[in-house]
Amino acid sequence: MTTLTTRTDSPETTRAIGHALGAILPPGAFVALSGALGAGKTCFAQGLARGLGVPEGEPIVSPTFVLAREYYGRLRLVHIDAYRLCDLDELYMLGVDEALNDGASVVAMEWPDRFEALVPANAIRVTLSHDGNDIRKIRLQIDAALADALCRATVDRVHWRSPSETPTTD
Amino acid sequence: MPMTRILAIETSCDETSAAVVVDGRAVLSNVVSSQMDLHAKYGGVVPEIAARAHIEKIGLIVEQALQEAAVTYSDIDAIAVTDGPGLIGSLLIGVTAAKTLALTLDKPLVPVDHIEAHATSAALVCDDDPWPAVSLVVSGGHTSIYHVADYDHIELMGQTYDDAAGETFDKVAAILDLGFPGGPAVDRVAKAGNPKAIRFPRTWLNEPHFNFSYSGLKTAVLYHVYGQGKKYGSAAHLSEQEIADVAASFQDALIEPLVIKTARAAAERGVTTICVGGGVAANSALRAALQSACDERGLRLLLTPMKYCTDNAAMIGLLGHQRFLAGVRADLTLEPRGGLVRTGR
């Protein structure tokens, strides 16, 4: 696993990183999206969905109220908000268990800390945090090969740091 | 023509409801069992609680709806039921109850879309059908504008692209520590506030489309309350008056796009009637703003009465009646269209 961090100054850049990640995700990927209210979880998921090829005309809407929404692009995407869940059985009632285990779908789960037991060991962890105004810190824990591909895909607009790099001015 | 009596069942979210509606108009009974007290403890609709409570209540609620309507099962012509969208666990209980009744009573089973029922719910209080009209549906899970040409032609003109209006109320109420449900709490506190105190963003206000985005508004409120770099981390440092001003200004920013876009949708489709349904239609500031916009433009505003704004079976009975007349039927393989909304397949 590699850790990448960066700062974004707009929802567009957050979305662009999600998009770049979505474009390279393999079937069966699990993306755990952590961050406080308004940190940009749904924004990141919107980019992820477009990167997976979900058509532009289809809104990627907050799943908070309905708990989970499902989209079809290059791969099936199940977007889950675990915030309101209090029991694992409820996820099974939603039919999400099938997406978790079919090895073909991509799962993006907001508030994964509510259900750590569901997060696989090889999950891609995305942590978003407020850093003043429109600035967000984004931290990714991701498989080394995917990290490489992601850095290459976003080289034009995102400056990534990995912990091995010594921060200069920041 | 003989009367048609529809027994309607609605369990899409946290309300268990059953109604008896005659000819799609006369509501003989509309029993709604609110589970709000249970959910308040958890700061949201907890589906597990919703599903369990539905199971315990559905039989009693149906019995009570029949009793209040002074009818028996044999007087019923068809069973109408919400089959989606909603929480799958909750929907399943209503659908299963409806299928059981349809089978044992040998009555037709009629599936009804929850959102289309909200879009047409204002007709419950009209002598004649109000269509064509533009209908605004604002609730916890939906913020949509429909063009209703008639019951069989309901077209989605625009919708939210991130958070729904009701969800935004809940999230802002959480930021302001006002509790759940957020809508009534913010509405109450905002009455003492100045809606022009803070200029919060109005996303896509002047865009030509009819879509909404409320995620930026929620974040703007968060920054205003918590301070730059989340200095305060809560609303505890604000005075009562400051909280009232934030609530009123937030409400103003949320409402303006709803009003402007709904009025513009009516102008574009050349309709003279605007209907409003869904839980957020209970908001007093939204009602007042829509009324004055309609007065200025010479439009008729049909506000769905409060009892039909939140989830209820009467609106399912209204639309179920129309679907029944149009020959819409489901068999016992009917399954709810739940939380996993299958779109664009």
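Helices (H or I, at least four residues) and strands (E, at least two) are DSSP runs, numbered from the N terminus. The model is predicted.

**Exercise 1. Place the two cis peptide bonds, G84(B) to P85(B) and W131(B) to P132(B), among the elements of chain B.**

Step 1. Take P132(B). Its loop runs between α4 (114-120) and β6 of chain B. The cis bond from W131(B) has an omega of about 5°.

Step 2. Take P85(B). This residue belongs to the loop between β4 and α3 of chain B. Omega from G84(B) to P85(B) is near -10°.

**Exercise 2. Describe the open sheet of 5 strands in chain B, and say which strands stand at its edges.**

Step 1. Read the order. It is β3-β2-β1-β4-β5, with mixed pairing.

Step 2. Find the edges. β3 (26-33) and β5 (109-113) each have a single partner strand, so one side of each lacks a neighbour in the sheet. From one strand to the next, the twist averages 20°.

Step 3. Look at one pair. Strand β2 (residues 16-22) of chain B runs antiparallel to β3(B), and 7 bridges join them. V20(B) has S29(B) as its bridge partner in β3(B).

Step 4. Add the helix. α3 (residues 88-105) of chain B packs on the sheet and touches β1 (5-10), β4 (78-84) and β5 of chain B. The direction of α3(B) makes about 155° with that of β4(B).

**Exercise 3. Is S33(B) buried or exposed, and which side chain makes a polar contact with its side chain?**

Step 1. Locate S33(B). It sits in strand β3 of chain B.

Step 2. Apply the cut-off. Buried means under 20% relative accessible area. S33(B) is at 11% relative accessibility, so it counts as buried.

Step 3. List the surroundings. Leaving aside neighbours within four places in sequence, S33(B) is in contact with D14(B), E15(B), T16(B), K57(B) and I61(B). The polar contact of its side chain is with the side chain of K57(B), at 3.0 Å.

**Exercise 4. Give the setting of D23(B) and W204(B), two residues with positive phi that are not glycine.**

Step 1. D23(B) has a phi of about 50°. Its loop lies between β2 and β3 of chain B. With a relative accessible area of 32%, D23(B) is partly exposed.

Step 2. W204(B) has a phi near 60°. Its loop lies between α6 and α7 of chain B. W204(B) is also partly exposed, at 29%.

**Exercise 5. Which element gives the largest share of the largest nonpolar core?**

Step 1. Take the core. It has 49 residues, and those with the most contacts inside it are V225(B), F250(B) and L254(B).

Step 2. Check the contributors. Elements giving two or more residues include α5 (165-175), α7 (215-226) and α8 (240-269) of chain B. The largest share, 12 residues, comes from α8(B).

Step 3. Inspect V225(B). Beyond four places in sequence, its contacts include I175(B), Y232(B), L238(B) and V246(B).

**Exercise 6. How many residues of helix α2 (residues 41-51) of chain A are buried, and what covers them?**

Step 1. Count. 11 of the 11 residues of α2(A) are buried. Among them are K41(A), F44(A), L48(A) and R50(A).

Step 2. Name the cover. It includes α1 (11-24), β2 (30-34), β4 (76-81), β5 (106-110) and β6 (124-130) of chain A.

Step 3. Note what follows. After α2(A) comes G53(A), with a positive phi near 95°.

Step 4. Set this against the chain. Of the 170 residues of chain A, 56% count as buried.

Methods:
Residues numbered from 1 in each chain as written. Chains lettered and ligands numbered in written order. Predicted model: local features only at pLDDT ≥ 70, side-chain atom pairs only at ≥ 80, totals over all residues. Heavy atoms only, no water. Buried < 20%, exposed > 50% of the residue type's maximum accessible area, 1.4 Å probe, protein only. Core = buried A, V, L, I, M, F, W, Y, C linked by side-chain atoms within 4.5 Å. Contact = heavy atoms within 4.5 Å. Pairing = 2+ DSSP bridges. Axes fitted to C-alpha atoms, helices over the stretch in contact; angles between N-to-C directions. Polar contact = N/O pair within 3.5 Å; in protein donor to acceptor, adjacent residues only side chain to side chain.
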